[in-house]
Amino acid sequence: MLKNIKTYFPIFEKYPDLAYLDSAATTQRPKSVNEAINQFNSFENANIHRGVYDLSNSATKKFEQAREKVARYIGSSNPKTIAFTSGTTHSINIIAYSFLKSTLNKGDNIVITLLDHHANFIPWQMIAQEKGAELRVVPINKKGDLDITSLGKMLDEKTKILSLNHISNSLGTVNDIHEIIDLGHKKNIPVMIDAAQSVAYYDLDILTFNYDFLAFSGHKMFAPFGTGVLYVAEKWIKSITPYNYGGGIIKNVSAEETTFSDYPFNIEAGTPNISGVMGLSSAIDFINTFDKAEMRQHISDVTHYCIEQLSTINDVKIIGTPEKRSGIVSFVVKDIHPHDVASFLNQDNIAVRAGMHCTQPLLMYLETPATVRVSFSIYNDRQEVDRLKASLVALIKFWT
Ligand SMILES: Cc1ncc(COP(=O)(O)O)c(C=O)c1O
């Protein structure tokens, strides 16, 4: 099924020699997704939840059908557990400022991990500072795996939320969220999962994992920028109050007061990214044509081949050797700055990321100011890894 996979993606028609190794930053968009957006914009465009004419009714219907599809995608039988947001960052901020803010008090604590992206770090840090609460950061071991014993000890009766990523965007660590969610629930602590890096390739079935909140971005699952999802478990729905005000979220407005709709509509103030949601819906159809295990197997094969090949280059040091790894590999090359490495690779049409990957606390702990990061998706292959290796060898030769 993954044979000729590149033909689904117009970008590789335009740039047949592009080795796009930056899918952790954003995945490429399949033709079908672009067409779904174009179809809506060209022939179905109308605002939703407002009009009584046919076009508007039809747009509303498709938007709500997309909500149902997203719910099914994560195994939720209730579409009203799903809110559309602009991305993972937005979804996490909603839980921090709409769910947690009113109940967080001085002396409480919030638990996150050293592997977390700034999107799952700074909102909690800000709200903790504002409320006089403590931000506890679960450490990692030398391999780049979470220290689960410490995590267990950090959770106590004052912990108001545990929030962590499923997959580290820096080291590729795949966290055992099943075990971690259980640890939280044993102490009655709600758990939020940042699934930005896993949602395209992993089954995140709510019945299996039982998370309380789930956040992800469309653009990391073949959908357009500016689309995202927040899932809120039914038991918490009443605790989600508006935090951003405007049209579309109200029951009644008078000069004296306003009453609000229930979640999810109460946090979708203003006109949402309707055409983007059509693209997200189409991206789910695209993903559903594949077997997720086959997707992961393919990515794992390319990733392990990459690790094997990079390990043969003396001057390359791979950062992190987690027990379970996704399609992400971070490394450094001698004393060459990662930005110089990435620029050199760019001359060979190899697109990689260089920097801190929005995980500055993690890189500070690793005493590595920056890394080069390659991240694979279903359209990558071993030949691209061979090109990466050849280019790195040429760079090292050039540099010495
Ligand atoms: C693990 C993780 N969490 C959160 C984010 C933030 O996602 P977005 O910028 O789409 O909101 C990213 C983006 O790279 C990520 O990798």
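## Around the ligand and along the chain

Me: How far is a polar side-chain atom of His219 from an oxygen atom of the ligand?
Reply: In this predicted model, with residues numbered from 1 along each chain as its sequence is written, local features need pLDDT of at least 70, side-chain atom pairs count only at pLDDT 80 or more, and totals for chains, interfaces and linings use all residues. Side-chain values use heavy atoms, leaving out hydrogens and water. The pair to look for joins a polar side-chain atom of His219 to a ligand oxygen, and its separation is 2.7 Å.

Me: Which side chain has an N or O atom 2.7 Å from an oxygen atom of the ligand?
Reply: Start at the ligand and look for a side-chain N or O atom 2.7 Å from one of the ligand's oxygen atoms. The residue that provides this atom is Ser217.

Me: Where on Thr88 is the polar atom that lies 3.4 Å from an oxygen atom of the ligand?
Reply: Thr88 has a polar atom 3.4 Å from a ligand oxygen. That atom of Thr88 belongs to the backbone.

Me: How much of the ligand's exposed area does the protein bury?
Reply: Imagine lifting the ligand out on its own: 390 Å² would then be exposed (Shrake-Rupley method, 1.4 Å probe). With the protein in place, the buried part of that area is 85%.

Me: How many residues surround the ligand?
Reply: Here, a residue counts if one of its heavy atoms lies within 4 Å of the ligand. Thr89, Asp194, Ser217, His219 and Lys220 are the closest. The full number of surrounding residues is 13.

Me: Which residues does a cis peptide bond join?
Reply: Most peptide bonds are trans. Here is a cis one, with omega about 10 degrees. Follow the chain into the loop between strand E10 (258-260) and helix H9 (274-288), where Pro264 has its place. The bond joins Tyr263 and Pro264.

Me: What is the phi of Phe222?
Reply: You can find Phe222 in the loop between strand E7 (213-217) and strand E8 (228-232). Most residues other than glycine have a negative phi. Phe222 is not a glycine, yet its phi is positive, at about 75 degrees.

Terms used:
A polar contact is a pair of N or O atoms within 3.5 Å; within protein, one must be able to donate a hydrogen and the other to accept it, and residues adjacent in sequence count only if both atoms are side-chain atoms. Helices (H or I, at least four residues) and strands (E, at least two) are DSSP runs, numbered from the N terminus.
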